[in-house]
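Reader: I have the sequence and the coordinates open side by side, and I would like to go through them with you by question and answer. Could we begin once both are on the page?

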Amino acid sequence: MPVRRALKKLGADIRDARRRRRIPTTIMAERALISRVTLTKVEKGDPSVSLGIYATVLFVLGMTERLAELADPKHDAIGLSLEDELLPQRIRSPQRPKGNG
């Protein structure tokens, strides 16, 4: 399933980011206010972990700026395409009222 693969990649990327920063799991869990068991679930991409916990872990790693971009409308190719389909083909000037005289 694409969702599971994406979560597994996210978890692996989080684990790699933690390791690059040389942060032990005990300290990482403490900073994120979660248990080591939950951190392990995050790093495995467990879908039962709440988005809030993933967000907190990313915050601890200093990576929250990308989280805000996840569903940004300007990156929504399908939504933008559908919106473009609804644009009018022609735009006419407003009709001026006919005067008597």
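Reader: What volume does the largest pocket of this model have?

Author: The model is a predicted one, and the figure for the pocket is computed from its atoms. Rolling a probe the size of a water molecule over the atoms shows where empty space is left. For the largest pocket that space comes to about 310 Å³.

Reader: Which element gives the largest share of the lining of that pocket?

Author: The lining of the largest pocket is made by 13 residues, and L10, I14, L58, L67 and L70 are the ones that lie nearest its centre. The elements that give two or more residues to this lining are α1, α4 and α5 (64-67). The largest share, 4 residues, comes from α1.

Reader: How many residues of the lining are nonpolar, and how many are polar or charged?

Author: Leu and Ile count as nonpolar, and the residues nearest the centre of the pocket are L10, I14, L58, L67 and L70. Taken by class, the whole lining of the largest pocket has 11 nonpolar, no polar and 2 charged residues.

Reader: Why are α1 and α3 described as oblique to each other?

Author: The axes of α1 and α3 are 5 Å apart, and the two helices pack at an angle of about 120°. Angles of 65 to 115 degrees count as roughly perpendicular and those over 145 as roughly antiparallel. An angle of about 120° fits neither range, and the orientation of α1 to α3 is therefore oblique.

Reader: Which residues make that contact, and how do they divide by class?

Author: On the side of α1 the contact is made by K8, G11, A12, I14, R15 and R18, and on the side of α3 by L39, V42, E43 and K44. By class, this contact of α1 with α3 has 4 nonpolar, 1 polar and 5 charged residues.

Reader: Is R18 buried or exposed?

Author: R18 has its place in helix α1 (residues 2-20). Not counting residues up to four places away in sequence, R18 touches I23, P24, T25, M28, L39, E43 and L61. Its relative accessible area is 8%, and since the limit for this class is under 20%, R18 is buried.

Reader: Is K8 buried or exposed, and how far is K8 from G45 in space?

Author: K8 is also found in helix α1, and at 55% relative accessibility K8 counts as exposed. K8 touches K44 and G45, leaving aside residues up to four places away in sequence. K8 and G45 are 37 residues apart in sequence, whereas in space, C-alpha to C-alpha, their separation is 4.2 Å.

Reader: How are α3 and α4 oriented to each other, and how many nonpolar residues are in their contact?

Author: The axes of helix α3 (residues 36-44) and helix α4 (residues 51-60) come within 11 Å and cross at roughly 90°, which makes α3 roughly perpendicular to α4. The contact is made by T38, L39, K41 and V42 of α3 together with I53, Y54 and V57 of α4. Divided by class, the residues of this contact are 1 charged, 1 polar and 5 nonpolar.

Reader: How far apart in space are R21 and E83?

Author: R21 has its place in the loop between α1 and α2, and with a relative accessible area of 38% R21 is partly exposed. Beyond residues up to four places away in sequence, R21 touches L61 and M63. R21 and E83 are 62 residues apart in sequence, and their C-alpha to C-alpha separation in space is 42 Å.

Reader: What is the phi of R22, and what is the phi of L33?

Author: Most residues other than glycine have a negative phi. R22, in the loop between α1 and α2 (25-31), counts as exposed at 70% relative accessibility, and L33, found in the loop between α2 and α3, is exposed with a relative accessible area of 79%. For R22, a residue other than glycine, phi has a positive value near 60°. For L33, also a residue other than glycine, phi has a positive value near 60°.

Definitions and conventions. Residues are numbered from 1 along each chain as its sequence is written. This is a predicted model: local features need pLDDT of at least 70, side-chain atom pairs count only at pLDDT 80 or more; totals for chains, interfaces and linings use all residues. Side-chain values use heavy atoms; hydrogens and water are left out. Buried means under 20% relative accessible area, exposed over 50%, partly exposed in between (1.4 Å probe, protein chains only). Contact means heavy atoms within 4.5 Å. Axes are lines fitted to C-alpha atoms, for helices over the stretch in contact, and angles run from 0 to 180 degrees between N-to-C directions. Angles under 35 degrees count as roughly parallel, over 145 as roughly antiparallel, 65 to 115 as roughly perpendicular and the rest as oblique. On a 1 Å grid over the protein atoms alone, a cavity is a set of points where a 1.4 Å probe fits but cannot get out, and a pocket is an open set with protein on both sides within 12 Å along at least five of seven lines; lining residues have an atom within 4 Å of a point. Grid points are joined across faces, edges and corners, and a volume is the space filled by probe spheres set on the points.
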